[in-house]
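Here are my notes on the model, set out as numbered points. They take the domains and then the ligand.

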Amino acid sequence: MNLDEYKGVWVFLEHQDGKIVPVSLELLGAGRKLADKRGVPLAGILIGEGVRQLAATAFHYGADTVYLYDDPVFRDYRTESYMRAVIACVEKHKPETILYGATSTGKDLASAVATDLETGLTADTTMLDVDEATGLLEASRPAFGGNIMATILCKKHRPQMATVRPKVMKALPIDTSRKGELIEESIPLREEDIRTKVLKIVRETQTKIRLDEADIIVAGGKGLGSKEGFQLIHRLAEAIGGTVGASRDAVEAGWIDHAHQVGQTGVTVTPKLYVAIGISGAIQHLVGMQNSGLIIAINKDPQAPIFQSCHYGIAGDAFEIVPMLIDAFQVTAG
Ligand code: FAD
């Protein structure tokens with residue numbers, strides 16, 4: 001494989017309900033930095049039916065080019081059809097790097113494309129950089145149970161690919177004066193050629209907690225000792241208008257539902273304020289909350305690793321400190 005034939009950074013533009021999903025805009029921000037460092041263009045790949053107008057949004061968030069596959073056969077996401085479009089586009093235009101959101105769709109598509117193209121894919125990347133001269137993507141993620149950060153390289157194949165979780169990268173500020181080039185693409189694919197059919201889309205009716213959108217999170221860990229002890233977290237969250245988060249150990253103890261778990265196997269969050277109570281600060285927890293605006297930790301062990309990653313720390317017993325905080329906020333609110 002002649003690696004020098006491959007140039008440019010691409011972002012798979014995932015969309016839902018007529019809008020590009022936030023993680024794709026974040027990846028345009030990250031992709032822009034990589035492309036600028038390399039001096040190559042940034043492109044989006046947009047697949048769907050009636051999605052042409054979304055290209056403008058991609059330009060406003062940093063794309064120079066959008067490759068568009070707009071056809072009824074792409075109305076609903078299906079691995080087979082989307083994968084064939086991406087592969088055809090890669091074979092024609094030869095990008096050096098492709099980034100996907102680590103969403104259900106992004107993960108499914110990226111792994112199918114990687115398998116077919118026999119190239120490398122780093123999943124759940126938390127940091128991205130590129131070697132300016134060679135274009136080698138440096139995709140970092142927690143590895144070996146999260147005890148170390150590994151930087152993964154794809155030295156012999158192109159395109160090099162990565163999935164990135166929502167909220168890890170930052171979108172550029174919108175610039176509605178930015179324009180780009182829309183390139184229409186097509187592949188000879190008919191509905192009859194695709195093995196899977198979407199019969200019905202059933203939307204989840206249960207209201208989900210949106211930890212990733214919360215401005216204030218009060219998170220509790222194993223240090224709360226019991227389900228009853230964990231109620232302290234709910235009370236403080238209520239007093240300061242926050243959403244409840246948790247470490248995996250608190251979830252595994254059955255004190256709270258998995259939807260509240262922050263971290264590598266939970267949700268990645270970036271609230272303005274993150275209060276970590278009775279949480280030791282394991283790397284798998286930190287990767288999910290370390291980009292929060294202000295982090296306050298309460299832990300009775302002054303040596304707890306969380307104190308290395310917080311802006312303010314209170315070394316003490318949560319059962320003494322948190323009730324005082326609740327009282328103080330209730331007095332202020334009253
Ligand atoms: P502990 O590590 O047991 O810490 C409890 C803390 O509470 C201690 O620091 C202690 O000093 C303090 N404490 C005790 N009593 C009090 C008190 N009265 N007042 C104040 N402080 C007190 N973890 C996650 O959180 N999210 C993930 O997504 C995640 N994914 C993982 C994925 C993998 C592949 C692996 C291997 C692990 C993962 N983990 C994850 C688990 C992670 O390694 C830790 O085990 C977990 O985060 C620890 O939870 P904790 O801090 O609540 O518990």
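1. Domain bounds here come from an automatic or database domain assignment. On that basis the chain splits into domain 1 (9-193) and domain 2 (216-333), with 34 Å between their C-alpha centres.

2. This is a predicted model, in which local features need pLDDT of at least 70 and side-chain atom pairs count only at pLDDT 80 or more, while totals for chains, interfaces and linings use all residues. Residues are numbered from 1 along each chain as its sequence is written, and side-chain values use heavy atoms, with hydrogens and water left out.

3. Contact (heavy atoms within 4.5 Å) links nine residues of domain 1 to 11 residues of domain 2. The buried area, meaning the accessible area (1.4 Å probe) that two parts lose on being put together, summed over both, is about 790 Å² between domain 1 and domain 2, and carbon and sulfur atoms give 43% of that.

4. Which residues, by class, does domain 1 put against domain 2? That side has three nonpolar, three polar and three charged residues; Gly counts as polar in this scheme, and Asp, Glu, Lys and Arg count as charged.

5. Around the ligand there are 26 residues (a heavy atom within 4 Å), of which Lys222, Ser247, Thr265, Ser280 and Asn299 come nearest.

6. An N or O atom in the side chain of Asn299 is 2.7 Å from an oxygen atom of the ligand. Two backbones also take part: a polar backbone atom of Gly266 is 3.4 Å from a ligand oxygen atom, and a backbone N or O atom of Ala318 lies 2.8 Å from a ligand nitrogen atom.

How values were computed:
A polar contact is a pair of N or O atoms within 3.5 Å; within protein, one must be able to donate a hydrogen and the other to accept it, and residues adjacent in sequence count only if both atoms are side-chain atoms.
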